[in-house]
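Colleague: Please take me through one part of this model in detail. Keep it plain, as I am new to this.

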Amino acid sequence: MQRVILSRGLQINLVSFFADFLLAGMVFGPPIAPFLAASSVFLLPGIADIIYFMGNHVCPQPSMGLELSSPFIMAVCMRCYGTVTGLLITRIFYAVTNGKGVFWLSQYGWNGAAFASVLMMAYPWELAAQIFDLWDFNNYIVTPFGLITGLAWGLFTMPIFHFRR
């Protein structure tokens with residue numbers, strides 16, 4: 001594991017830092033994009049364009065985002081943001097538990113990966129149900145499915161990204 005030693009013995013795990021940096025971008029980027037886009041301050045609409053570009057490439061339904069600053073919407077739909085929220089919850093939970101506990105799925109090897117994979121299928125199954133007209137897009141329906149996926153993904157990956165010796 002790559003670590004950087006700073007002055008006075010402070011060590012930074014680069015993988016953990018990079019994962020947290022990306023998670024912060026995923027948490028704050030989509031809801032702040034509409035406000036940046038609505039701003040007339042130099043460069044802020046350009047930053048919003050970058051966030052929307054990324055959202056359009058990771059979200060299957062970015063046009064279903066919540067309208068936060070009329071006429072601008074979040075950069076991703078609530079299914080995707082539910083997934084990000086699940087990742088954030090597990091990151092906070094990992095910090096609180098210091099990575100200890102029976103619920104961290106990576107410690108179970110392939111069985112943990114299989115269990116996490118089954119739970120992560122909540123997102124694509126819900127999306128498929130919507131595509132096949134079993135129900136219409138509704139933020140109250142899609143958000144919990146994304147949350148389940150994010151929690152499963154986080155319960156498996158947080159110990160991998162933030163392992164401490």
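Modeller: Start with helix α1: this element gives 6 residues to the lining of the largest pocket, the largest share. A helix here is a DSSP run of H or I with at least four residues; a strand is a run of E with at least two, and both are numbered from the N terminus. The model is predicted, so local features need pLDDT of at least 70 and side-chain atom pairs 80 or more, while totals for chains, interfaces and linings use all residues. Residues count from 1 along each chain as its sequence is written, and side-chain values use heavy atoms, without hydrogens or water.

Now the space itself. The largest pocket holds about 560 Å³. (A pocket is an open set of points on a 1 Å grid where a 1.4 Å probe fits, with protein on both sides within 12 Å along at least five of seven lines; lining residues have an atom within 4 Å of a point. Its volume is the space filled by probe spheres on those points.) In total 21 residues line the largest pocket, and nearest its centre are Met26, Pro30, Val58, Val76 and Val84. Four elements each give two or more residues to this lining: α1 (14-38), α2 (44-58), α3 (78-97) and α6 (139-161). By class, 16 lining residues are nonpolar, 5 are polar and none is charged. (Nonpolar covers Ala, Val, Leu, Ile, Met, Phe, Trp, Tyr, Cys and Pro; charged covers Asp, Glu, Lys and Arg; the others are polar.)

Helix α1 turns up again next. It gives the most to the second largest pocket too, with 7 residues. That pocket holds about 220 Å³. Its lining has 13 residues, with Ala19, Leu22, Leu23, Met26 and Phe161 nearest the centre. Just α1 and α6 give two or more residues here. The classes are 10 nonpolar, 2 polar and 1 charged. Met26 is listed nearest the centre of the largest pocket and also of the second largest.

One more lining helix deserves a look. Helix α3 has 20 residues, so it should span 28 Å at 1.5 Å a residue (1.5 Å times one less than the number of residues), and its end C-alpha atoms are indeed 28 Å apart. Just after α3, asparagine 98 takes a positive phi of about 55 degrees.

Finally, the setting. The protein has 6 helices and 4 strands. Along the sequence they run β-β-α-α-β-β-α-α-α-α. The C-alpha atoms fill a box of roughly 50 × 45 × 25 Å along the principal axes.
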